[in-house]
Amino acid sequence: MGKIVISENVSLDGVMEDPTGEGGFDRGGWFEQFMGEDRGAWAQAEYAEALGADALLLGRGSDAYFGARWNDATGDWPDRLNGLPKYVVSATLTEPAWRNSTVLHGDAAAEVAKLREQVAGEIVVYASRPLVQLLWERDLVDEVRLMVFPVVLGAGARVFGEFPGQKPVRLLETRTVGEGIALLRYEIVR
C-alpha cells in the first residue's frame, strides 16, 4: 500500500500561500526573500525526497504551475521529477500540463484511496492546498514534511485550515537545511 506524504514549504506560522509572489498575496514572495544562502541545501533535500518518491499527487493549479516550470528543465532533479508518474486530482481538467500525468476524476478521496492501493511506495503531494485539506480531513495522509522558512507572515492560507477534531502526529525527524530552514517530519498517529 502506498503512503501519502504531504511536502510543503511554509513560514514559521504555517503559511504556504503564494511563496513565489505570483499570486497577488500582499505577503507573497517569501520563499525567495527568506531563502538566503540556503538554496543549494534546500535543493539537495528536495532532490533526495524526489529520489524516494514513487509518484506525485497534485491539484489542478499545482499541475499547471509545475508543468510550466519543469517540463523543459533538464538535469538530475528535473529528470527525476519529469520521469515520475504524476496524478492530478481535478473535476474539470482534461489535459494535464506536466508531462507523464494522469487526471483523477470523480470523488477525489475515493480516487486517492484507490491510488494508494495501486502505488507501493511514497506518493508525494507538493503545494496543492485544497487537495491537502481534503486528504487531511479524510484521513488519507500518512506523513507530513514541512520545510519551515525563517519568517512569520502573520496572515495567509495555512497548510492546515480549520477542521473538526484533532489529529495526533509523531515526530520522526528534525534537521536544519542550510543555515536557516528547518525540516520537520511527522507521521500520523492512527
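**Pockets, strand pairing and salt bridges in the predicted model**

The residues that line the largest pocket of this predicted model divide by class into 19 nonpolar, 10 polar and 10 charged. The lining comprises 39 residues, and those lying nearest the centre of the pocket are Ser62, Tyr65, Phe66, Ala127 and Ser128. The volume of the largest pocket is about 1100 Å³. Two or more lining residues are contributed by each of strand E1 (3-11), helix H1 (30-33), helix H2 (39-52), helix H3 (60-70), helix H4 (76-83) and helix H6 (129-137). Of the lining of the largest pocket, the largest share is that of H3, which provides seven residues.

The second largest pocket encloses about 150 Å³ of space, and its lining consists of 13 residues, of which Ala45, Glu49, Arg145, Arg175 and Leu183 lie nearest the centre. By class, this lining contains five nonpolar residues, one polar residue and seven charged residues. At least two residues of the lining of the second largest pocket are supplied by each of E1, H2, strand E6 (143-149), strand E7 (169-177) and strand E8 (181-188), and the largest share, four residues, comes from H2. Strand E1 and helix H2 are also among the elements that give two or more residues to the lining of the largest pocket.

Helix H6, one of the elements that line the largest pocket, has a number of buried positions, namely Leu131, Val132, Gln133, Leu135 and Trp136. The helix is followed by Asp139, for which the phi angle is positive, with a value near 60°.

Attention turns next to the pairing of the strands. Strand E3 (residues 86-89) is joined to strand E2 (residues 53-59) by four bridges, and the two strands run parallel. Within this pairing, Leu58 has Val88 of E3 as its bridge partner. Strand E3 also pairs with strand E4 (residues 101-104), again in the parallel sense and over four bridges, and here Val89 stands opposite Leu104 of E4. In a regular strand, the side chains alternate between the two faces of the sheet. In E3, Lys86 and Val88 lie on one side and Tyr87 and Val89 on the other; these residues are all buried, and both faces of the strand are thus covered.

The structure holds 16 salt bridges. One of them is formed by Asp13 and Arg158, whose closest N and O atoms are 3.4 Å apart. Asp13 belongs to the loop between E1 and H1, whereas Arg158 belongs to the loop between E6 and E7, so that the pair ties together parts that are 145 residues apart in sequence. Arg158 is partly exposed, its relative accessible area being 32%. Asp13 is also engaged by Ser11, since the side chains of these two residues make a polar contact at 2.5 Å. Ser11 is located in strand E1 and, with a relative accessibility of 1%, counts as buried.

A second salt bridge links Asp142 with Arg190, and the closest N and O atoms of this pair are 3.1 Å apart. Asp142 is situated in the loop between H6 and E6 and Arg190 in the segment after E8, so the salt bridge ties together parts that are 48 residues apart in sequence. The two partners are described by contrasting accessibilities: Asp142 is buried, with a relative accessible area of 16%, whereas Arg190 is exposed, with a relative accessible area of 59%.

A further salt bridge brings together the side chains of Arg145 and Glu143, with an N to O distance of 2.7 Å. Arg145 is buried at a relative accessible area of 10%, and Glu143 likewise counts as buried, at 0% relative accessibility. Through salt bridges that share partners, Lys3, Glu49, Glu122, Glu143, Arg145, Glu173, Arg175 and Arg185 are joined into one network. Members of this network reappear in the lining of the second largest pocket, where Glu49, Arg145 and Arg175 are among the residues lying nearest the centre.

How values were computed:
Residues numbered from 1 in each chain as written. Predicted model: local features only at pLDDT ≥ 70, side-chain atom pairs only at ≥ 80, totals over all residues. Heavy atoms only, no water. Buried < 20%, exposed > 50% of the residue type's maximum accessible area, 1.4 Å probe, protein only. Pairing = 2+ DSSP bridges. 1 Å grid on protein atoms, 1.4 Å probe; cavity = no way out; pocket = protein on both sides within 12 Å on 5 of 7 lines; lining within 4 Å. Points joined across faces, edges and corners; volume = space filled by probe spheres on them. Nonpolar A, V, L, I, M, F, W, Y, C, P; charged D, E, K, R; others polar. Salt bridge = Lys/Arg side-chain N within 4 Å of Asp/Glu carboxyl O. Polar contact = N/O pair within 3.5 Å; in protein donor to acceptor, adjacent residues only side chain to side chain.
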